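Colleague: I am new to this structure and would like a close look at a single part of it. Could you pick one residue and lead me from there to its surroundings?

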Amino acid sequence: MKKALLLLICFTVVLSASVFADSMKVKTTYGDWKMSSNQLTQTNLNAGMAKANIYAPQSGTMVYEFKAKYMDGLDDGKGGFGIHVFVDKPAAGKAWGEGKSYLLWVNYDKKPVNSTTPEGLSAQIYKSESNSRMNLVQSISLKSVEPMLAKYLNYTLPVKIVIDGKSGMAKVYDPFKADYYYQFPLSSDTPLKGNYVSLRTNSLSVAFSQ
C-alpha cells in the first residue's frame with residue numbers, strides 16, 4: 001500500500017541537514033543510489049538491505065532535519081526504510097546491523113510471516129550490537145492511521161527529529177504541525193555518541209533532499 005509510506009517518512013527519516021552539500025561525507029554501500037548536489041535517492045526495489053553511510057559526528061543534543069519523498073516499491077505489499085543514529089563504525093558493505101547504533105524503522109507488510117511484525121504499517125526501534133546482530137526493542141502498530149495518508153502520497157515532506165544523547169529521549173516532529181511532536185525513550189545506555197548515520201531501505205525507492 002503506497003499511501004502507508006507517508007507515516008514512514010514522518011517517523012523515521014533522519015539525518016544531518018548539511019550532508020548533501022559534501023559528497024565526500026556519503027558512502028553508498030549497498031543498493032543503487034543516485035546522488036546530486038541536494039538529493040540522495042535509492043532506486044533498487046529488490047535491494048533488501050540498501051544502505052548509505054553518512055559521516056556526521058554526534059554527541060549531546062542532535063537535531064536531524066531534511067525532506068523525503070516516496071518514489072516506488074509498495075505494490076508487492078511490503079517495504080520499509082529507516083535510519084541508524086549514533087553509529088560508531090558502519091559496515092563497509094551489505095549488512096543486517098550497523099555497528100553499535102539505534103535503528104528507527106517503519107515497515108509496511110501486508111502479510112507478515114514474523115509474529116513480532118504487526119500487519120500493515122508499523123514502527124520499530126532496534127538496538128544494533130554489531131553488523132550482524134540487532135535486537136528489537138519496541139514494535140508498534142500504526143495500521144489505524146493508514147487511511148489518512150492517501151492525500152499526501154505525492155508530497156515531499158519535511159522531517160525533524162531531536163535526540164538528547166545525554167538522556168536518550170527522542171522527539172519526532174509532526175510534518176504538518178510545527179510545534180507538535182511524539183516523544184519516546186530511545187535508549188537508557190547514555191551518553192549516546194557516534195560518527196555516522198546510515199540511511200536504509202528495504203525493497204523501496206525513496207528520495208532524500210534538503
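Modeller: Let us begin with Val 26, which is buried, because its relative accessible area of 11% falls under the 20% that serves as the limit for that word. Please keep in mind that the model is a predicted one. Val 26 belongs to strand S1, and its C-alpha atom is separated by 9.4 Å from that of Leu 40, a residue 14 positions away along the chain.

From this residue we can step out to the sheet. Strand S1 is part of an open sheet of 7 strands, whose order is S1-S4-S13-S6-S7-S8-S9 and whose pairing is antiparallel. Strand S1, covering 26–30, and strand S9, covering 133–141, stand at the edges with a single partner strand each, so one side of each has no neighbour in the sheet. On average, and with direction ignored, neighbouring strands of this sheet are turned by 20 degrees against each other.

Further along the same order, strand S7 (residues 101–109) and strand S8 (residues 120–130) run antiparallel and are joined by 9 bridges; Leu 103 stands opposite Tyr 126 in S8.

For the wider setting, the protein holds 1 helix and 14 strands, and 50% of its 210 residues are buried, Val 26 being one of the buried residues. Of the contacts in the protein with a separation of 6 or more, 68% come from residues 24 or more positions apart. The protein exposes about 9,900 Å², with carbon and sulfur atoms supplying 49% of that area.

How values were computed
Residues numbered from 1 in each chain as written. Predicted model: local features only at pLDDT ≥ 70, side-chain atom pairs only at ≥ 80, totals over all residues. Heavy atoms only, no water. Pairing = 2+ DSSP bridges. Helix = DSSP H or I, 4+ residues; strand = E, 2+ residues; numbered from the N terminus. Axes fitted to C-alpha atoms, helices over the stretch in contact; angles between N-to-C directions. Buried < 20%, exposed > 50% of the residue type's maximum accessible area, 1.4 Å probe, protein only. Contact = heavy atoms within 4.5 Å. Areas by Shrake-Rupley, 256 points an atom, 1.4 Å probe, with all protein chains shown as cover.
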